[in-house]
Amino acid sequence: MTKPNLSILSAAAIALASSLSAATVYQPAGEIAVGGEGGWDCLKIDNATHRLYLSHASKFVVIDLEKNAVVGEIADTPGAHDIAIVPGAGRAFTSNGKEDKSSLVDLATLKTLSKVDTGKKPDIVLFESSQKEIYCFNADGNSVTVLNADTGKLVATIPLEGNPEFAACDPAAGKVYINIEDKSTVAVIDTKTHTVEANWPIAPGESASGMAIDIAHHRLFLGCDNKLMVMMDSTNGKVVANAPISQHIDGAAFDPGTQLAFASGGDGITTILHEDAPDKLTVVQSLETQPGARTMTVDEATHKIYLPTAKTEPVAPGTKEGEHHWPKILPGTLKVLVFAPVAK
């Protein structure tokens, strides 16, 4: 078999990324059927294996992105919320919100190797590469459980001033950033000392959930409950720009190849914005997805975005517009929406 010319492939990837920036429109590119029963939360892509991991009730569904099909599952993760993949190690850590634990998983076999105690209701979990540690953010515990990514052993417990939501890290700076949703702040953790060194207000944003980071330009993107995306300088906490987004925001993402930021809304709109400059953020598209598609991830290699959603029972009479509610999910309807970029 003739081997591909890697230099040609790299040049093609660079050319694609350069053309897909502010002049990009995202269009539907298919759906991946998942089915089953129960809700979902976060999803992550393992770039090395082209697999997507989606939390689904008490398990994680494994999707092959080359086949766009479910190929396996990680079982016994009650209250599954999020997964952190340890690059090059063939393992991952999950957050099991209903048992206050994290599962250490062998990604080759999808078997659980061990479980580790966390704080109350672990939610978001991420891998921090500079110290090779796992951060489990405990939603009801107002704390962070830090684990050794090699052994799964407890390293530290870090108290927070409020309820943690999505987080991001900058390994070169030695910082982890967390949205403190009920305080409308961003907490900053020093990864060497495992202490909170700052709590930055996000005004004019309020109650941020989704967070993404542009490491190269030191910018945080915060998807806020008051229909704003805030762009913050990650070196000093200064809010440098904001732009309108949709409602019921949960997830956010940033694609460094296109300089596009995303805020996924449960109302069925994902707002796509372009980082024009370090102090300028512009909405380039209000992408129609489907109601409930509130979390997302981006594949930085293909620039495709993935958003899970499902059909639900009708909203109860008397529910006010904009009011948060959790309608019953109809069995067998969970799927992942796929959208691909097209240059104008």
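**Exercise 1. Is Tyr26 buried or exposed, and what does its ring pair with?**

Step 1. Tyr26 has 2% relative accessibility, so this residue counts as buried. Here buried means under 20% relative accessible area, exposed means over 50%, and partly exposed lies in between (1.4 Å probe, protein chains only).

Before we go on, a word about the model: it is predicted, so local features need pLDDT of at least 70 and side-chain atom pairs count only at pLDDT 80 or more, while totals for chains, interfaces and linings use all residues. Residues are numbered from 1 along each chain as its sequence is written, and side-chain values use heavy atoms, with hydrogens and water left out.

Step 2. Now look for ring partners. Rings of Phe, Tyr and Trp (its six-membered ring) pair if their centres lie within 6.5 Å; planes under 30 degrees apart count as stacked, over 60 as edge-to-face and the rest as tilted. Searching the whole structure gives 4 aromatic pairs. In the pair of Tyr26 and Phe262, the ring centres are 5.5 Å apart and the planes stand at 90°, so this pair is edge-to-face.

Step 3. Place the two rings along the chain. Tyr26 sits in strand 1 (residues 24-33) and Phe262 in strand 23 (residues 260-265), 236 residues apart. Strands (E, at least two residues) and helices (H or I, at least four) are DSSP runs, numbered from the N terminus. Phe262 is buried too, at 0% relative accessibility.

**Exercise 2. How many disulfides does the structure hold?**

Step 1. Recall the rule: a disulfide is a pair of cysteine sulfur atoms within 2.5 Å.

Step 2. Try Cys42. The closest cysteine sulfur belongs to Cys136 and is 12 Å away, too far for a bond.

Step 3. Try Cys169. Its closest cysteine sulfur is also in Cys136, at 13 Å, again too far for a bond.

Step 4. The count for the structure is 0 disulfides. Both cysteines tried here are buried, Cys42 at 4% and Cys169 at 15%.

**Exercise 3. Which residues have the most contacts inside the largest nonpolar core?**

Step 1. A nonpolar core is a set of buried Ala, Val, Leu, Ile, Met, Phe, Trp, Tyr and Cys residues joined through side-chain atoms within 4.5 Å.

Step 2. The largest one has 33 residues, and Tyr135, Phe137, Val186 and Leu222 have the most contacts inside it.

Step 3. Apart from this core lies another, of 15 residues, including Val34, Trp40, Ile63 and Ala310.

**Exercise 4. Which strands does the salt bridge of Lys44 and Asp82 tie together?**

Step 1. A salt bridge is a side-chain nitrogen of Lys or Arg within 4 Å of a carboxyl oxygen of Asp or Glu. Side chains of opposite charge can pair when their charged atoms come close. By this rule there are 11 salt bridges.

Step 2. Lys44 and Asp82 meet at 3.2 Å, N to O. Lys44 lies in strand 2 (residues 40-46) and Asp82 in strand 6 (residues 80-86), so the pair ties together parts that are 38 residues apart in sequence.

Step 3. Check accessibility: Lys44 is partly exposed at 26%, whereas Asp82 is buried at 1%.

Step 4. Practise on Arg91 and Asp150, whose closest N and O atoms are 2.7 Å apart. Arg91 is buried at 17%, while Asp150 is partly exposed at 48%.
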